[in-house]
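Work through these exercises with the structure open beside you. Try each task before reading its solution.

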Amino acid sequence: MRIFWSEYREPAANAALEEQLYRSDASSGPYLLFYLNDHAVLFGRNQNPWGECHVSWCQREGITLLRRISGGGTVYHDAGNLNYAFILPRAEYAPERYLGIVVAALRQAELPEVSQSPQFSLWCGRRKVAGTAFALNSRTALLHGCILVHSDLERLRTALRPPPGWEYQGSGVASVRAPVTAMAEHLPGITTADVARLIAEHAQGGSNAVMETIPDGSRDLDGDFLTFREKFRSDAWTYERTSDFILKIPCPRGLLHLGIAQGRIRRAVLHSGNKITDLPILQGCPLTIPEDQLLALVKAQ
């Protein structure tokens, strides 16, 4: 198994590396890719970001929002979160086997009460320590996950908490929320490099695992990489692929009903007592507009 360590820290760049390997035939694989991301919220291919996280808070805090090519639920990344991706020939797709490598590494690190759920997430006792997601095509399988090593869990909880009172109705796949823990709460001083080394050793079956480095900037002239990176950077991929939905937002003047299509407001109606008022000024606005600006437009009507 070839093992890579990406020195890119941009979430879109690491998502592009994953997809570039995934779109290959993996004939010289399987591959194992490790990376760390700057602050980011990653949600599944069929999820609604406004139902999963506080979009405008994340934007104010400089937290990247990114839609994955895989399914699964929403996760938070920072420098204390180790991300891994197994890219395999489709014929070798065996989730239990490859997740078993990660479980064995966490047990070797002496993390207590490590277990794997039927949904393939990893737990430390009654709290989740790692999420897992999958993508499959006719030739290749992607199994990737993120391990909370020494992540900022308070920031995680704030980022993944939609604004109070907001309610959405739609067909997106909602995350199953669970209590979380970080490995450092149980193993003070453990680092992402420690965990990556243990996983790599179990993956290669020895104590001297060979890890190839992908330097930051080394793929910046690669056409396929650039195409994938631009996709993950784009609003068209991140927001506009969201299925149509209705968002209800409480405001001082009543309850705002927004009909959303492709990440934009198609109709806005204010319900105030027995009165219903259309708000055409909001029509066409991207839903990425900060909520204070959105509510200011409502107030002005």
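## Exercise 1: A glycine in a loop

G206 is partly exposed, with a relative accessible area of 33%. The model is a predicted one.

Task: Place G206 in the chain, justify its exposure class, and give its separation from Y76.

Step 1. Find the loop. G206 sits between α7 and β12 (212–214).

Step 2. Check the class. Partly exposed lies between the cut-offs of 20% and 50%. G206 has 33%, so it is partly exposed.

Step 3. Compare sequence with space. G206 and Y76 are 130 residues apart in sequence. Their C-alpha atoms are 31 Å apart.

## Exercise 2: Two helix pairs

Task: Classify the angle between α1 and α8, then describe their contact.

Step 1. Read the geometry. Helix α1 covers residues 11–23 and helix α8 covers residues 223–233. Their axes come within 8 Å and cross at roughly 130°.

Step 2. Apply the classes. Roughly perpendicular runs from 65 to 115 degrees, and roughly antiparallel starts over 145. An angle of roughly 130° fits neither class. Therefore α1 is oblique to α8.

Step 3. Add the handedness. The crossing of α1 past α8 is right-handed.

Step 4. List the partners. From α1 come A12, A13, A15, A16, L17, E19, Q20 and R23. From α8 come D224, F225, F228, R229, K231, F232 and R233. By class, the residues of this contact are eight nonpolar, one polar and six charged.

Task: Do the same for α4 and α7.

Step 1. Read the geometry. Helix α4 (residues 95–108) packs against helix α7 (residues 192–204) at about 125°. The axes are 8 Å apart.

Step 2. Name the class. The angle makes α4 oblique to α7. The crossing of α4 past α7 is right-handed.

Step 3. List the partners. α4 supplies I101, V102, A104, A105, L106 and Q108. α7 supplies V195, L198, I199, H202 and A203. The contact of α4 with α7 has nine nonpolar residues, two polar and no charged ones.

## Exercise 3: Two threonines

Task: Locate T242 and T140, and find the backbone oxygen that each side chain reaches.

Step 1. Start with T242. This residue lies in the loop between α9 (235–238) and β13 (245–251). T242 is buried, because its relative accessible area of 6% is under 20%.

Step 2. Find its polar partner. A polar atom of the T242 side chain lies 2.8 Å from the backbone oxygen of Y239.

Step 3. Look further along the chain. Beyond four places in sequence, T242 touches Q47, N48, P49, W50, R67 and Q262.

Step 4. Turn to T140. This residue is in strand β10. T140 is buried at 0% relative accessible area. Its side chain reaches the backbone oxygen of S24 at 2.8 Å.

## Exercise 4: Positive phi

Task: What is phi for E113, and what is phi for Q262?

Step 1. Take E113. Its phi is near 55°, a positive value in a residue other than glycine. E113 lies in the loop between α4 and β7 (114–116). E113 is exposed, because its relative accessible area of 65% is over 50%.

Step 2. Take Q262. Its phi is positive, about 50°, although Q262 is not a glycine. Q262 lies in the loop between β14 (254–261) and β15 (264–272). Its relative accessible area is 48%, so Q262 is partly exposed.

## Exercise 5: Two loop residues

Task: Are L111 and V149 buried or exposed, and which residues do they touch?

Step 1. Place L111. This residue is in the loop between α4 and β7. L111 counts as buried at 5% relative accessibility.

Step 2. List its contacts beyond four places in sequence. L111 touches L106, C124, V129, M183, H186 and L187.

Step 3. Place V149. This residue is in the loop between β10 (140–148) and α5 (153–159). V149 is buried, with a relative accessible area of 0%.

Step 4. List its contacts the same way. Beyond four places in sequence, V149 touches G80, L82, A182, M183, A184, I190, T191, T192 and V195.

Step 5. Finish with distances. L111 and F232 are 121 residues apart in sequence, and their C-alpha atoms are 34 Å apart. V149 and I3 are 146 residues apart along the chain, with C-alpha atoms separated by 20 Å.

Note on methods. Residues numbered from 1 in each chain as written. Predicted model: local features only at pLDDT ≥ 70, side-chain atom pairs only at ≥ 80, totals over all residues. Heavy atoms only, no water. Helix = DSSP H or I, 4+ residues; strand = E, 2+ residues; numbered from the N terminus. Buried < 20%, exposed > 50% of the residue type's maximum accessible area, 1.4 Å probe, protein only. Polar contact = N/O pair within 3.5 Å; in protein donor to acceptor, adjacent residues only side chain to side chain. Contact = heavy atoms within 4.5 Å. Axes fitted to C-alpha atoms, helices over the stretch in contact; angles between N-to-C directions. Parallel < 35°, antiparallel > 145°, perpendicular 65-115°, else oblique. Left-handed = near helix turned anticlockwise from the far one by under 90°. Nonpolar A, V, L, I, M, F, W, Y, C, P; charged D, E, K, R; others polar.
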